[in-house]
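I opened the model to look up a few local features. My notes follow in the order I took them.

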Amino acid sequence: MLFQEYFQNGLPSVVRIHLDFNLTDQAYTFHLHREVTELVYVASGSGIYMINRQPFSVEAGDFLVIESGILHAGASSPHNPMKTLAAVISNVHWRNPTLPNYIIDPRACPVMKASPRTQYFGSALMELWRIYQQPEPDTEIGQVILAPLLIMLRKYAAAEQPFYAVQDNPAASKILEYLYQHYNENITLESLSSHFYISSGHINHLFQKEYQISPINYLIDVRFSKAKAFLINTDLSISEIAGHVGYSNPAHFTKLFMKRIGYSPNDYRMLHKNSSQSPEQTRFFQTERPPSDGFPC
């Protein structure tokens with residue numbers, strides 16, 4: 001098997017990969033992933049990523065590695081919105097016994113500053129994106145492109161000293177993860193209590209203490225973050241979007257959207273969709289600052 005000296009149990013694979021071309025006011029809700037790693041290339045623009053509760057300023061050309069179990073969220077600069085390419089990677093099983101299921105040490109600095117190396121990583125992700133846009137993607141070619149990228153990331157990060165301690169409250173993070181994955185379902189404090197065998201009062205206290213937001217308000221944040229993405233990136237009707245994000249009554253969804261976002265769903269779509277660009281219309285790589293060659297941390 002190709003790369004068998006590095007990997008066991010098969011090669012890593014792409015779970016999903018997507019481009020974000022219009023993030024002018026979208027702040028992604030805090031979330032985390034289990035058993036997968038997220039790779040993000042900042043093609044242009046700037047913004048802030050909160051990773052493991054710490055802020056990182058990112059700009060065009062930067063590359064991020066967000067490991068399993070790490071709480072994170074991102075937001076664009078209002079005047080210089082980011083265009084990003086993100087891939088979620090699974091089945092990482094190194095033969096090396098040190099951190100066998102991680103690409104980099106979860107305690108390592110997650111941001112690599114712009115350099116020729118990060119632009120290569122971005123180019124590799126872009127090729128993966130093209131492959132996975134096909135009706136029947138050639139996943140074997142995708143794995144052959146992905147594997148050397150991960151090997152380079154692993155070797156490059158290995159020389160870095162641990163940057164921070166991973167902060168995680170297992171009980172709270174399981175609730176957050178559940179809410180993020182099941183945001184379109186009918187969830188209440190009582191249903192969470194039944195699912196986790198914890199009293200609703202304790203769930204509410206635990207979640208607010210850990211994330212400074214109630215579980216139900218977090219759920220609403222996730223729903224409207226997803227709704228904004230649907231409005232900008234799809235042609236789904238308002239009724240369809242309402243259903244996708246957990247609201248059976250489109251009128252109620254519209255009323256809540258206006259109260260929370262300040263626009264009707266249709267107005268929000270018109271405001272942003274006209275300025276969004278397709279990948280074919282956009283020069284993807286726009287690194288406009290002198291490259292460095294390392295981590296910022």
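Entry 1, pocket lining. I sorted the lining of the second largest pocket by class and got 9 nonpolar, 3 polar and 6 charged residues. I am working from a predicted model. I read off the volume of this second largest pocket as about 320 Å³. I then looked for the residues closest to the pocket centre: of the 18 that line the second largest pocket, these are Asn 96, Thr 98, Ile 103, Arg 154 and Ala 158.

Entry 2, a helix pair. I took helix α4, residues 189-196, and helix α5, residues 200-211. Their axes come within 8 Å and cross at roughly 95°. An angle of 65 to 115 degrees counts as roughly perpendicular, so I logged α4 and α5 as roughly perpendicular to each other. I next listed the residues at the contact: α4 supplies Leu 189, Leu 192 and Ser 193, and these meet Ser 200, Ile 203 and Asn 204 of α5. By class, the residues of the contact of α4 with α5 come to 3 nonpolar, 3 polar and no charged.

Entry 3, one loop residue. I located Thr 29 in the loop between β1 (13-20) and β2 (37-44). Is Thr 29 buried or exposed? The relative accessible area of Thr 29 is 12%; buried means under 20%, so I entered Thr 29 as buried. I left aside the neighbours within four places in sequence and listed what else Thr 29 is in contact with: His 72, Ala 73, Tyr 180, Tyr 218, Asp 221, Val 222 and Ser 225.

How values were computed. Residues are numbered from 1 along each chain as its sequence is written. This is a predicted model: local features need pLDDT of at least 70, side-chain atom pairs count only at pLDDT 80 or more; totals for chains, interfaces and linings use all residues. Side-chain values use heavy atoms; hydrogens and water are left out. Axes are lines fitted to C-alpha atoms, for helices over the stretch in contact, and angles run from 0 to 180 degrees between N-to-C directions. Helices (H or I, at least four residues) and strands (E, at least two) are DSSP runs, numbered from the N terminus. Angles under 35 degrees count as roughly parallel, over 145 as roughly antiparallel, 65 to 115 as roughly perpendicular and the rest as oblique. Contact means heavy atoms within 4.5 Å. Ala, Val, Leu, Ile, Met, Phe, Trp, Tyr, Cys and Pro count as nonpolar, Asp, Glu, Lys and Arg as charged, and the others, Gly among them, as polar. On a 1 Å grid over the protein atoms alone, a cavity is a set of points where a 1.4 Å probe fits but cannot get out, and a pocket is an open set with protein on both sides within 12 Å along at least five of seven lines; lining residues have an atom within 4 Å of a point. Grid points are joined across faces, edges and corners, and a volume is the space filled by probe spheres set on the points. Buried means under 20% relative accessible area, exposed over 50%, partly exposed in between (1.4 Å probe, protein chains only).
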